[in-house]
Amino acid sequence: MPDTQQTDQPLPNAVSENIETIADFCARHEMAKSAPQAIIERFSLVVGSPGYVVASVMFIVAWIGWNLIAKASGGSVIDEPPFFWLQGIIAVNAFIISTTVLIRQNHAAKLAEHHVHLDLQLSLLTEKKASKIIELLEQLRADLPVRHGRDPEAEELQRSADPKAVLSAIENERP
């Protein structure tokens, strides 16, 4: 069983700053939502819940049961079998839910695109930093009184990759 105890040690400043940056990004994203988008997202949370499925099934069973019992007892029937009104209600409900889901997915895809762009920018920056560190280490190694010869791998890694060349190579590999 993993140890889930929390330590009293504070987080390093860099971690706290990253958490704050991400929280700010999410807050800005939430504030940028239009009112209709916010309503659609809240609605989609409701229709995407297990409670909504249970309520829908209960409604359908009650509708069918009410109409079958009313028909058998000679009462007023709202929708006789094969329940055309119920089919219409279900079809409209399915249309509204599917459209709501598509709108929410489009919004989520835009947010995911922002995340991918940020990840790419950070990866490119990290690659440049790593190349510079290797270059500096190679300079230090060259200045040491005892040299251990050439390191072709370090020489290769100290060269920063050209993002345009990498993108071109990726595009040329697509089928």
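**Note on a predicted all-helix chain**

1. Buried residues account for 10% of the 175 residues in the protein chain. The model is a predicted one, and the points below should be read with that in mind. The protein chain exposes about 14500 Å², and carbon and sulfur atoms supply 65% of that area.

2. The protein chain contains six helices and zero strands. Along the sequence, the pattern is therefore written with helix symbols, as α-α-α-α-α-α. Contacts between residues at least 6 apart in sequence are also worth a look: 49% of them join residues at least 24 apart.

3. How do α3 and α4 pack? Helix α3 covers residues 50–72 and helix α4 covers residues 84–143. Their axes are 11 Å apart, and the two helices pack at an angle of about 165°. Angles over 145 degrees count as roughly antiparallel, so α3 is roughly antiparallel to α4. The crossing of α3 and α4 is right-handed.

4. Which residues make the contact between these two helices? From α3 come Tyr-52, Phe-59, Ile-60, Trp-63 and Ile-64. From α4 come Trp-85, Leu-86, Ile-89, Ile-90, Asn-93 and Ile-97. Sorted by type, the residues of this contact are ten nonpolar, one polar and no charged. Asn-93 is the polar one, because Asn is not on the list of nonpolar or charged residue types.

5. Gln-37 is part of helix α2, which runs over residues 35–47. Is Gln-37 buried or exposed? Its relative accessible area is 13%, and the limit for buried is under 20%, so Gln-37 is buried. Setting aside residues up to four places away in sequence, Gln-37 touches Ile-103, Arg-104 and His-107. These three partners of Gln-37 fall within the range of α4, residues 84–143.

6. Where is Ser-160 found? Ser-160 sits in the loop between α5 (152–157) and α6 (163–173). Its relative accessibility is 39%; partly exposed lies between the limits of 20% and 50%, so Ser-160 counts as partly exposed.

7. Ser-160 also has partners elsewhere in the sequence. Apart from neighbours within four places in sequence, Ser-160 is in contact with Glu-127, Lys-128 and Ser-131. Ser-160 and Lys-129 are 31 residues apart in sequence, and their C-alpha atoms are 8.7 Å apart in space. Glu-127, Lys-128 and Ser-131 fall within the range of α4, residues 84–143.

Key: Residues numbered from 1 in each chain as written. Predicted model: local features only at pLDDT ≥ 70, side-chain atom pairs only at ≥ 80, totals over all residues. Heavy atoms only, no water. Axes fitted to C-alpha atoms, helices over the stretch in contact; angles between N-to-C directions. Helix = DSSP H or I, 4+ residues; strand = E, 2+ residues; numbered from the N terminus. Parallel < 35°, antiparallel > 145°, perpendicular 65-115°, else oblique. Left-handed = near helix turned anticlockwise from the far one by under 90°. Contact = heavy atoms within 4.5 Å. Buried < 20%, exposed > 50% of the residue type's maximum accessible area, 1.4 Å probe, protein only. Areas by Shrake-Rupley, 256 points an atom, 1.4 Å probe, with all protein chains shown as cover.
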